[in-house]
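The report below looks at how the inside of a protein model is packed, where its charged side chains pair, and which residues line its pockets.

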Amino acid sequence: MNRLSRLWAILIKEFIQMRRDRMTFAMMLGIPIIQLILFGFAINNDPKQLPAAIYAEEDTHFTRAILSGFAASRYFNFEHVVKDLDQAQTLMKKGEIAFIVTIQAGFSRDLVNGLKPQLLIIADASDPAVSSNALGQAANIVNNALRHDLTGHLANLQSKTGPVELVIHRKFNPENITQYNIVPGLLGVILTMTSVMITAMAMTRERERGNLENILAMPAQPLEVMLGKIFPYVLVGAVQTLIIILAARYIFDVPFIGYVLLLLSGVILFIIANLCLGFTFSTIAKSQMQAMQLTFFFFLPSILLSGFMFPFWGMPKWAQFIGEALPLTHFLRIVRGVMLKGANWQHLATEFYAILIFTLVMGLLAILRYQRTLD
Amino acid sequence: MSDVAIEVEGLVKKFGKKTVVNGIDLNIKKGQVWGFLGPNGSGKTTTIRMICGLLTPTSGKGSCLGYDIIRESKFIKQETGYMTQHFSFWEDLTIKENLQFVARMYNLTKSDEKVVNALAEIGLQQRQDQLAGNLSGGWKQRLALAAVTLHQPKLLLLDEPTAGVDPQARREFWAHIHKLSQQGVTVLVSTHYMDEAQRCDQIVYLANGQLITTGTVAQVIQHSGLVSFRLTGHNIRQYSEELQKMKCIQGVAFYGGSLHIVGKDKSEIEANLASSRFNQVSVEAVVPELEEAFIALTQQAKSSGSEYQ
């Protein structure tokens with residue numbers, strides 16, 4: 001009976017401690033709920049309603065049939081009708097569209113004459129998971145769309161090879177290599193994980209050990225303390241970036257088309273954004289353990305909803321909305337845009353501004369909360 | 001120049017709904033050593049933190065070294081050394097690195113020289129490259145004192161600096177404090193040790209966030225209004241229980257082979273002791289111990305709430 005009583009004593013103690021540690025308790029309930037919602041509802045490996053642009057030099061009965069066929073497939077969502085191809089290319093570099101469907105002048109004439117006119121689809125293949133299913137369906141969609149119209153004396157055009165020659169240009173990643181998309185993305189993921197956690201833990205450790213009180217008793221301003229603590233980790237992040245980019249280039253053969261300086265400024269901004277977040281976490285967490293848990297809480301949606309693991313366009317609107325609030329989402333667009341698509345400042349300015357706003361908000365929050373922790 | 005180092009009035013600090021410090025007035029002259037005493041949670045640490053500008057008072061005003069404690073805390077910090085209750089230097093830095101950090105934080109001139117001198121003074125030159133975390137309690141305390149005095153502060157705030165330190169180290173520590181005091185440094189030290197309280201020029205007794213009494217040791221004992229008797233005799237302990245039951249006696253304590261009793265009403269105690277039950281006991285009037293005065297003051301503060309001030 002003694003043994004049972006001791007077992008009981010320990011059981012009771014564990015339950016009391018479990019209830020006291022709110023953060024751990026929240027993790028135990030929160031993580032399964034978040035995972036269920038994200039994996040169950042938000043993540044979709046067969047993304048539909050992908051944004052696309054149309055560049056059509058003619059508008060006929062046949063072209064309308066083809067376009068409505070694309071739309072009816074639910075893979076393509078024609079958000080833009082463009083006047084020239086350059087405009088469409090810009091949209092693609094900005095990451096606003098996944099496809100450009102182009103129809104050249106004379107398409108209908110050639111079709112009727114049995115000349116198998118070309119139908120060109122330009123796809124952003126930087127993330128193969130986004131485009132592959134839609135492209136796989138494209139030939140069927142075209143053939144089915146024309147089946148109703150090619151009747152009577154035109155019926156013989158429905159040969160085995162189809163009435164139209166479908167040409168697909170996979171841009172930015174013609175060989176559909178997954179690493180091209182994953183490796184640059186990893187840069188963002190690794191920077192998020194380490195930057196947020198390192199600052200949050202380093203700051204919380206100082207509070208736990210009483211060092212913070214010591215620093216505060218010396219004539220140091222909160223901003224000085226914050227800058228002094230953040231700067232070394234910006235350097236650490238820079239070294240991590242160098243390692244990943246060199247590995248991307250020389251081990252995984254990932255192309256680097258764009259401007260190095262543009263990427264570098266994105267990296268620095270992104271690191272600062274994460275450090276500010278880590279600093280804010282450190283003002284919330286009461287122990288290093290809690291700092292770690294908070295980081296994990298943030299990290300999970302970051303990798304799932306940012307477009308790192310799963311196509312951003314595959315997610316429902318509410319999940320995309322959350323994703324837009326995460327700095328990783330915007331950084332992924334910057335790093336993939338610069339490395340794979342050769343995107344320039346004009347293409348990526350919005351993403352930079354988004355991270356900048358996040359940084360300013362977090363930095364302000366960190367300073368305000370930090371000042372309050374003294375009292 | 002004024003000879004007042006610290007002057008505060010009606011200092012109040014609330015954390016949420018809890019009032020930790022409730023209206024404290026202090027007037028501390030330069031070069032004095034003041035002892036802060038009081039039970040745990042009486043507001044000693046919070047008061048010290050408000051004086052050096054670490055905490056903003058909820059209400060009240062004051063000045064420290066001629067600077068306003070609310071608006072000019074930046075200047076106070078420059079001239080104050082604050083030694084926290086728990087060792088708060090970096091255990092993963094070496095002894096020397098900790099001192100160098102402090103020197104840089106205060107932007108000291110001739111900082112290398114000052115660090116070397118400080119190391120020599122605390123006798124840690126040989127071990128300067130050891131991690132501070134590996135030091136024992138007494139050595140950590142010496143390092144902390146050296147670090148908070150490195151910038152030659154005019155005011156030293158020491159929060160229970162000698163907790164868990166052996167008697168030899170405590171004695172050396174106090175010798176150092178008095179040396180600094182002679183050089184004109186004002187020292188505020190909180191402690192639970194009565195012998196340390198007796199080394200202070202003035203003591204302040206806090207309970208429940210209120211200042212109960214202040215003055216020299218003799219004044220505090222006198223202020224308590226206590227009388228004390230020493231009882232000796234064969235098997236003196238047997239009387240303890242009976243004495244404790246007497247209403248006029250507030251405290252009974254063993255001191256070696258004797259019993260000390262304290263109370264307020266001298267004649268009533270004497271009348272009680274005159275009973276034939278105590279004819280085997282010799283009674284001698286003595287000066288009450290500081291500890292007895294404090295315990296009595298704490299009890300009075302508890303029973304009469306804020307009325308006793």
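A residue is called buried when its relative accessible area is under 20%, exposed when that area is over 50%, and partly exposed in between, with a 1.4 Å probe and protein chains only. This is a predicted model, in which local features need pLDDT of at least 70 and side-chain atom pairs count only at pLDDT 80 or more, while totals for chains, interfaces and linings use all residues. Residues are numbered from 1 along each chain as its sequence is written, chains are lettered from A and ligands numbered from 1 in the order in which they are written, and side-chain values use heavy atoms, with hydrogens and water left out.

**Charged pairs**

Side chains of opposite charge can pair when their charged atoms come close. Counting as a salt bridge any side-chain nitrogen of Lys or Arg within 4 Å of a carboxyl oxygen of Asp or Glu, the structure holds 17 over all chains. Three of them are set out here.

| Pair | N to O distance | Relative accessible area |
|---|---|---|
| Lys13(A) and Glu14(A) | 3.0 Å | Lys13(A) 39%, Glu14(A) 39% |
| Arg209(A) and Asp92(B) | 4.0 Å | Arg209(A) 39%, Asp92(B) 43% |
| Arg333(A) and Glu351(A) | 3.3 Å | Arg333(A) 25%, Glu351(A) 7% |

Glu351(A) counts as buried because its relative accessibility is 7%, whereas its partner Arg333(A) is partly exposed. Helices and strands being DSSP runs numbered from the N terminus (helices H or I, at least four residues; strands E, at least two), Arg333(A) belongs to helix H13 (residues 327-341) and Glu351(A) to helix H14 (residues 345-374) of chain A, 18 residues apart. Glu324(A) joins these two residues in a network of salt bridges. The pair of Asp92(B) and Arg209(A), by contrast, crosses between chains, with Arg209(A) in the loop between helix H7 (178-208) and helix H8 (211-217) of chain A.

**Packing**

A nonpolar core is a set of buried Ala, Val, Leu, Ile, Met, Phe, Trp, Tyr and Cys residues joined through side-chain atoms within 4.5 Å. The largest one has 161 residues, and those touching the most other members include Ile6(B), Leu26(B) and Phe294(B). Its largest share, twelve residues, comes from helix H10 (residues 260-284) of chain A. With contact taken as heavy atoms within 4.5 Å, and leaving aside neighbours within four places in sequence, the residues that Ile6(B) meets include Leu26(B), Ile51(B) and Leu188(B).

Thr295(A), in helix H11 (residues 288-305) of chain A, is buried, with a relative accessible area of 2%. Among the residues that Thr295(A) touches, not counting those up to four places away in sequence, are Met193(A), Ala200(A) and Phe281(A).

**Pockets**

On a 1 Å grid over the protein atoms alone, a pocket is an open set of points where a 1.4 Å probe fits, with protein on both sides within 12 Å along at least five of seven lines, and lining residues have an atom within 4 Å of a point. Grid points are joined across faces, edges and corners, and a volume is the space filled by probe spheres set on the points. The largest pocket holds about 780 Å³. Of its 39 lining residues, those closest to the centre include Glu96(A), Trp313(A) and Arg333(A), and H13(A) gives the most to the lining, with six residues.

The second largest pocket has a volume of about 490 Å³. Of the 19 residues that line the second largest pocket, the closest to its centre include Glu206(A), Lys229(A) and Trp90(B).
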